[in-house]
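These are my notebook entries from an afternoon of looking things up in one structure, written down in the order in which I asked about them.

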Amino acid sequence: MDPEAFLEMANQVTKLRMYPYFEVAHAIISCLYIREDMAAGCLPFSRKHPFACWVSCMVSIFAGNILSSFLLAEPILMAFKNTNQLLLATAVWYLMFYSPFDIIYKICKLLPIKIVFASMKEVIRCKKVNDGVLHAAKLYPNGYLIMIIIGTIKGNGSAFLKLIERTLRGVWTPNAIEFLTPTFATKASIAASIVFIMDKKTDWITAPPSLVYFGIVIFFVYFKLSSMLLGIHDPFIPFENLFCAIFFGGIWDALGRLVSGAKGNSDSNAKNELSRNGKSETTKKKDQ
């Protein structure tokens, strides 16, 4: 592709308006995840507790804004300040749970349709990470860790509020903490936040900002499709295992087990040798 045409495409991607189409995709995928998490009890719960179901979905859809506002000491309800977005999310929630014969949910579950919505969600994820980094940079120009945290939370806030979202549905799962087992979306948001910071705060990246943004969009979309179609859920795992083995005691633990095993084998061999010698002496005495 011609470099100028590629750069123009990147510029167009950075100018994409997220409302309403990408916001709809984000809300649909969020509601799909909640329905899959509720499994067979989804429809009975939505009929018996519609308000709790709505609150749970709104928390998931606006999780990034809610949690980032809390961490930045801003009003949490600012997440719902845009009435159009709130009404749009409510309409998606209603159709996903109360459409006749559950037709909307069944359509959205179709793989080709789900792929389109998931790809659009990854585009808006990149936008949210970028906006989170920019917002934190305005408040704390030198707070690079804060930028990474806010960018990550903006990009995958629903994972960090999963425990609260489930509690609103009456389900208590204390092990569902994102810090224990981070998902790929969280790791990718951390990486994207670092790249955006390097692009905006340093001279290490010389490419145009639009190309950097477009590259991260491609990164998000590519690995999301790889997860859905090829089963590649977390490409970071091999690097994490290597890093942990080198810097977090993996090598030394393996060496310790090896030494302990060798020592245990030598001790057992010595005991077996003594036992054999004792038996041979006893046999000789009996023969005499």
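How many cavities of 30 Å³ or more does a search of the whole structure find? I keep in mind that I am reading a predicted model, and I write down that the search finds 1 cavity of that size.

**Entry on the cavity.** I looked up the space inside the largest cavity and found about 40 Å³. Two elements, helix H2 (21-38) and helix H6 (83-98), each give two or more residues to the lining of this cavity, and the largest share, 3 residues, comes from H6. I listed the residues that line the cavity as Glu23, Ala27, Ile61, Phe62, Gln85, Leu88 and Ala89. When I sorted this lining by character, I had 5 nonpolar residues, 1 polar residue and 1 charged residue.

**Entry on the pocket.** I turned next to the second largest pocket, where about 290 Å³ of space lies. The elements that give two or more residues to the lining of this pocket are H5, H9 and H11, and H9 gives the most, with 4 residues. Among the residues that line the pocket I noted Leu67, Leu71, Ile149, Thr152, Ile153 and Phe160, and also Glu178, Phe179 and Lys187. The lining of the second largest pocket divides into 8 nonpolar, 2 polar and 2 charged residues.

**Entry on helix H9.** Since H9 had come up in the pocket, I wanted to look at this helix by itself. What would a straight helix of 17 residues span? At 1.5 Å a residue such a helix would span 24 Å, whereas H9 (residues 144-160) spans only 20 Å between its end C-alpha atoms. I also looked for a bend, and I found a kink of about 65° in H9, centred on Lys154.

Why is H9 largely enclosed by the rest of the structure? I can answer this by counting, because 12 of the 17 residues of H9 are buried, where buried stands for under 20% relative accessible area. Lys154, on which the kink is centred, is one of the buried residues, and the others include Met147, Ile148, Ile150, Gly151, Gly155, Asn156 and Gly157. Thr152, Ile153 and Phe160 are buried as well, and these three residues also belong to the lining of the second largest pocket. Finally I checked what covers the buried residues of H9, and the cover includes helix H5 (63-71), helix H8 (111-139), helix H10 (162-168) and helix H11 (184-201).

Note on methods:
Residues are numbered from 1 along each chain as its sequence is written. This is a predicted model: local features need pLDDT of at least 70, side-chain atom pairs count only at pLDDT 80 or more; totals for chains, interfaces and linings use all residues. Side-chain values use heavy atoms; hydrogens and water are left out. The expected span of a helix is 1.5 Å times one less than its number of residues. The bend at a residue is the angle between axes fitted to the seven residues ending there and the seven starting there. Buried means under 20% relative accessible area, exposed over 50%, partly exposed in between (1.4 Å probe, protein chains only). Contact means heavy atoms within 4.5 Å. On a 1 Å grid over the protein atoms alone, a cavity is a set of points where a 1.4 Å probe fits but cannot get out, and a pocket is an open set with protein on both sides within 12 Å along at least five of seven lines; lining residues have an atom within 4 Å of a point. Grid points are joined across faces, edges and corners, and a volume is the space filled by probe spheres set on the points. Ala, Val, Leu, Ile, Met, Phe, Trp, Tyr, Cys and Pro count as nonpolar, Asp, Glu, Lys and Arg as charged, and the others, Gly among them, as polar.
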